[in-house]
Structure formats: C-alpha cells, structure tokens
Amino acid sequence: MKSQFSFIPLAARIATLLLIGMPTAQAKQQCSAVMPANPREYWSWRLIDGRKCWYEGKPMLSKSLLEWPVRISTQARPTEELASALIEKPSDPIGSEEWTPSRQNTFDALWRTRVEQR
C-alpha cells in the first residue's frame with residue numbers, strides 16, 4: 001500500500017518537470033507595411049508574400065510567427081452581387097421605344113432572300 005502512495009508524488013514531479021521544460025507557444029506578430037518613423041525598440045523585416053513585413057524585434061524571426069493584418073473588405077460579397085443581379089429592377093416605360101421589325105428583317109423575308117440566292 002505504501003508503494004502506491006510514493007508513486008503518485010513521483011509521477012506528479014515528473015509531469016511538472018516536463019511541462020516546465022516544454023517551450024511555450026508564441027503569439028503571431030502583426031506585419032506592418034512601413035517601419036515607424038520614431039521606433040522605441042529594434043525593428044526588423046522579412047519578406048512575406050512578396051512584401052516587406054516590418055515587425056518589432058530581432059532579425060530572422062520565423063515566418064510562421066508573422067502575419068499580415070486581416071483586411072475587412074468594403075466591397076460586396078460575390079453572393080450579394082449575384083443576388084442583386086438576379087433581382088429585376090422595374091423598367092421605365094416612359095423612356096422605352098416601341099420596336100417593330102421592318103419588312104426586311106422578318107423571318108419570311110430573310111428566308112425568301114436565302115432561297116432565291118440558291
């Protein structure tokens with residue numbers, strides 16, 4: 001019975017040592033398109049997506065720890081554009097002109113000219 005109680009504190013100590021020794025996850029840093037005019041700290045840059053990503057800190061930070069800020073688009077989403085295109089807008093009957101086909105543009109007239117050419 002005594003051997004069971006000595007095992008629990010030993011397992012707790014081992015787990016504590018493993019957790020302390022594990023590296024902590026680092027938060028991603030936001031990229032800036034330009035370096036501040038009067039920086040208080042050391043600033044570095046890396047090429048991310050073909051652009052200079054300025055960040056606060058030492059050079060050669062892992063690219064996986066850098067990210068561009070998320071842009072909020074002010075443009076309409078494609079589904080909204082599609083929905084607005086499908087909704088028919090009322091036409092203005094006052095500005096419309098009546099179109100009647102001329103004698104030359106009717107099917108019969110075009111067919112006759114085609115048959116006569118052969």
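Here are some worked exercises on the predicted model shown above.

**Exercise 1. Get your bearings**

Work out which secondary structure elements the protein chain has and in what order they come.

*Solution.* Start with the tally: the protein chain has 3 helices and 4 strands. Next, walk along the sequence, and the pattern reads α-β-β-β-β-α-α. Then look at how much is tucked away: 10% of the 118 residues count as buried. The exposed surface of the protein chain comes to about 11,700 Å², with carbon and sulfur atoms supplying 59% of it. Finally, take the contacts between residues at least 6 apart in sequence; 28% of these join residues at least 24 apart.

**Exercise 2. Track down the disulfide**

Find which cysteines form the disulfide, and say where in the chain each one sits.

*Solution.* First, a quick reminder: a disulfide is a covalent bond between the sulfur atoms of two cysteines. The structure holds 1 of these. The partners are Cys 31 and Cys 53, and their sulfur atoms are 1.9 Å apart. Now place them: Cys 31 is in the loop between β1 (29-30) and β2 (43-48), while Cys 53 belongs to strand β3 (residues 51-56). The two are 22 residues apart, so the pair links distant parts of the chain. As for handedness, the angle about the S-S bond is -85 degrees, and the link is left-handed.

**Exercise 3. Buried or exposed?**

Decide whether Cys 31 and Cys 53 are buried or exposed, then see what surrounds them.

*Solution.* The cut-off you need is that buried means under 20% relative accessible area. Cys 31 has 6% relative accessibility, so Cys 31 counts as buried. Cys 53 sits at 0%, so Cys 53 counts as buried too. Next step: look for a core around them. The largest nonpolar core has 6 residues, and both cysteines belong to it, along with Ile 48, Tyr 55, Leu 66 and Trp 68. This fits a general trend: in soluble globular proteins, nonpolar side chains tend to be buried together. To finish, list the contacts of Cys 31, skipping neighbours within four places in sequence: Ile 48, Cys 53, Trp 54, Leu 66, Glu 67, Trp 68 and Pro 69.

**Exercise 4. Spot the unusual backbone angles**

Find where Asp 49 and Met 60 sit, and give the sign of phi for each.

*Solution.* Begin with the background: most residues other than glycine have a negative phi. Asp 49 has a phi near 55 degrees, a positive value in a residue other than glycine. Asp 49 sits in the loop between β2 and β3. With a relative accessible area of 66%, Asp 49 is exposed. Now do likewise for Met 60, which is not a glycine and has a positive phi of about 65 degrees. The loop between β3 and β4 (66-67) is where you'll find Met 60. Its relative accessible area is 64%, so Met 60 is exposed.

**Exercise 5. Find a nonpolar patch**

Work out which residues make the nonpolar surface patch of about 420 Å².

*Solution.* The residues are Phe 7, Ile 8, Leu 10 and Ile 14. Take Leu 10 from that set and place it: helix α1 (residues 2-21). Then check how open Leu 10 is: a relative accessible area of 46% makes it partly exposed.

**Exercise 6. Look across the loops**

For Lys 58 and Pro 39, state the loop each belongs to and a C-alpha distance to a residue 17 places away in sequence.

*Solution.* Lys 58 lies in the loop between β3 and β4. Lys 58 is exposed, at a relative accessible area of 70%. Measure out to Glu 41, 17 residues apart along the chain, and the C-alpha atoms are separated by 9.6 Å. Leaving aside neighbours within four places in sequence, Lys 58 touches Tyr 42 and Ser 44, both counted as contacts. Switch to Pro 39, located in the loop between β1 and β2. Pro 39 is partly exposed, with a relative accessible area of 35%. From Pro 39 to Glu 56, the separation is 17 residues in sequence and 8.8 Å in space, C-alpha to C-alpha.

Definitions and conventions: Residues numbered from 1 in each chain as written. Predicted model: local features only at pLDDT ≥ 70, side-chain atom pairs only at ≥ 80, totals over all residues. Heavy atoms only, no water. Buried < 20%, exposed > 50% of the residue type's maximum accessible area, 1.4 Å probe, protein only. Contact = heavy atoms within 4.5 Å. Areas by Shrake-Rupley, 256 points an atom, 1.4 Å probe, with all protein chains shown as cover. Disulfide = S-S within 2.5 Å. Core = buried A, V, L, I, M, F, W, Y, C linked by side-chain atoms within 4.5 Å. Patch = residues over 30% accessible without salt bridge, like charges linked within 9 Å, V, L, I, M, F, W, Y side chains within 5 Å. Salt bridge = Lys/Arg side-chain N within 4 Å of Asp/Glu carboxyl O.
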